[in-house]
Amino acid sequence: MARNFTEIFGSVWFAIPAAVTVIMGFLAINALMIVWMERKVAARMQRRMGPTERGVFGLLQTTYDMIKLMSKELITPRHVSRKLYLVAPVVLFTPIIAICSLFPLSENWVFHDYDIALVLVLAFSGMAVVGIFAAGWGSNNKYSLLGAVRSILQNIAYEVPLILSVLAVVIMARTMSLHEIVMEQSTIPYIVVQPLAAIIFFIAATAETNRAPFDIPEAESELVGGFHTEYSGMRFGLFFFAEYSSMIIVCALATVLFLGGWQGPILPGFVWFFIKVYFLIFLMMWFRWTFPRLRFDQLLRFAWLLLVPLALANLLVTAIIVKLI
Amino acid sequence: MEMFGEYGFFGALLLAGVFLGLGPVLVPLLIAPHSRGEKTEETYECGMETIGSAWIRFDLAFYLFALIFLAFSVAALYLFPVAVVYNSDAYIWRDLIAVTLFLLIMSSPLVYAWRMGVFGGGRGVVITQEDDTHEKAD
């Protein structure tokens, strides 16, 4: 039986600081490592070396970058809408810790198991688009505005296949608690029985995190930096942090829903969990250097004419098969 | 904390997120240099003089997709509670029939939009004055 953090620590007053420390520490180290990994993967795929100077294999490079960002001046352009401009990075950052607390890391490591954890994850990851639009509109910059509009359109296109592919899993598991969904996969991970839903989910998740080939909101060759063009120093750092953390979140969700979460032989649960999560993250980086960026109307048509009908059909077939077995 | 019920934990972490998000923005105020040039606070536009404001009226070419999205996402959310109790013993075939009907009705806006040519070529929206007869397919 899974114990949540409150039971382990005896009181919520200890459990909450403990959870915040653990998650924040993990996310900070993780962001540093993923940026390093991204640069290394990118470099190797282009037959370059990537960072090598600082630390072993250049591992400390992003730490140096972070210190540099910290010591940079924060510039607030004159023509921005101050409230929106200042609040946007914080809005983007706020839900991340709470969302991360929903994932079961191993059988005995559950921060808090909610009956509706799945809906909470989807709802609060959807909040990111509010922060992005606040940033884009508040900046009063044409590039930012276009980036924000594109980001919202992308969300509109990919939220629906995402939800529909998740529903197929919920029908099979008959629960929305992430811990119980993992428990249901003790014999066979859902990717085996739901391959189509898994693929649709992962495509939609890539779009949700604004990563290539769906990085049109921040397409650097067209829009400079997209919605964060006007942000400098640590405010830009927060956007970056939020982006890499949302990669972790969608990959963790994909792991829980389709790859059996922490289930696996021999190695302890959380090791399996992180192996799977980092494998998916590597896959995302691989995508980035494999597929060219889509044009906007191609993307919308791809989502609505291919992914949504497929996800609907998959849902219906799942419902029928679950009934027959 | 108990007075917030089950979600106090989640809420507390959200609150922690707000404060931790403010932290990195406040630290540079202490350690970062502070210098202002003539153009430092100007809006960035690739080095050119900024032309006008970004807050103008513009063509939201894909607004029809937003309408379909509304129709879809709300309907899809209704399916979550259904999916949880799906295939309980109490319903024999009723749940399958209900879900099938629901999905069929739910996908009808998509078919309608497709027939109306929303997904047609070019910049997405091709519904113009001439198409008001609802005849034109593509």
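**Chains A and B: contact and core**

Modeller: In this predicted model, A:L167 touches A:L315, together with B:A76, B:L79, B:F80 and B:A83, leaving aside residues up to four places away in sequence.

Biologist: Which residues touch the most other members of the largest nonpolar core?

Modeller: They are A:L167, A:V169, A:F201 and B:L13, in a core of 135 residues. The largest share of this core comes from α8(A), with 22 residues.

Biologist: Turning to the contact, how many residues does each chain put in?

Modeller: Chain A gives 65 residues and chain B gives 53 residues.

Biologist: And which helices of chain A supply at least two residues each to the side that touches chain B?

Modeller: They are α2 (12-45), α4 (82-93), α5 (95-100), α6 (117-126), α8 (142-173), α13 (233-258) and α15 (296-324). The most comes from α15(A), which contributes 13 residues.

Biologist: What is the make-up of that side by class?

Modeller: On the side of chain A that touches chain B there are 42 nonpolar residues, twelve polar and eleven charged.

Biologist: Now chain B on its own. How many helices and strands does chain B have?

Modeller: Chain B has three helices and zero strands, and its pattern along the sequence is α-α-α.

Biologist: What percentage of chain B is buried?

Modeller: Of the 138 residues in chain B, 20% are buried.

Biologist: And what share of the chain B contacts with a separation of 6 or more joins residues 24 or more positions apart?

Modeller: Such pairs account for 39% of those contacts in chain B.

Notes
Residues numbered from 1 in each chain as written. Chains lettered and ligands numbered in written order. Predicted model: local features only at pLDDT ≥ 70, side-chain atom pairs only at ≥ 80, totals over all residues. Contact = placed C-beta atoms within 7 Å. Helix = DSSP H or I, 4+ residues; strand = E, 2+ residues; numbered from the N terminus. Nonpolar A, V, L, I, M, F, W, Y, C, P; charged D, E, K, R; others polar. Core = buried A, V, L, I, M, F, W, Y, C linked by C-beta atoms within 7 Å. Buried ≥ 20, exposed ≤ 12 C-beta atoms within 10 Å, placed from the backbone.
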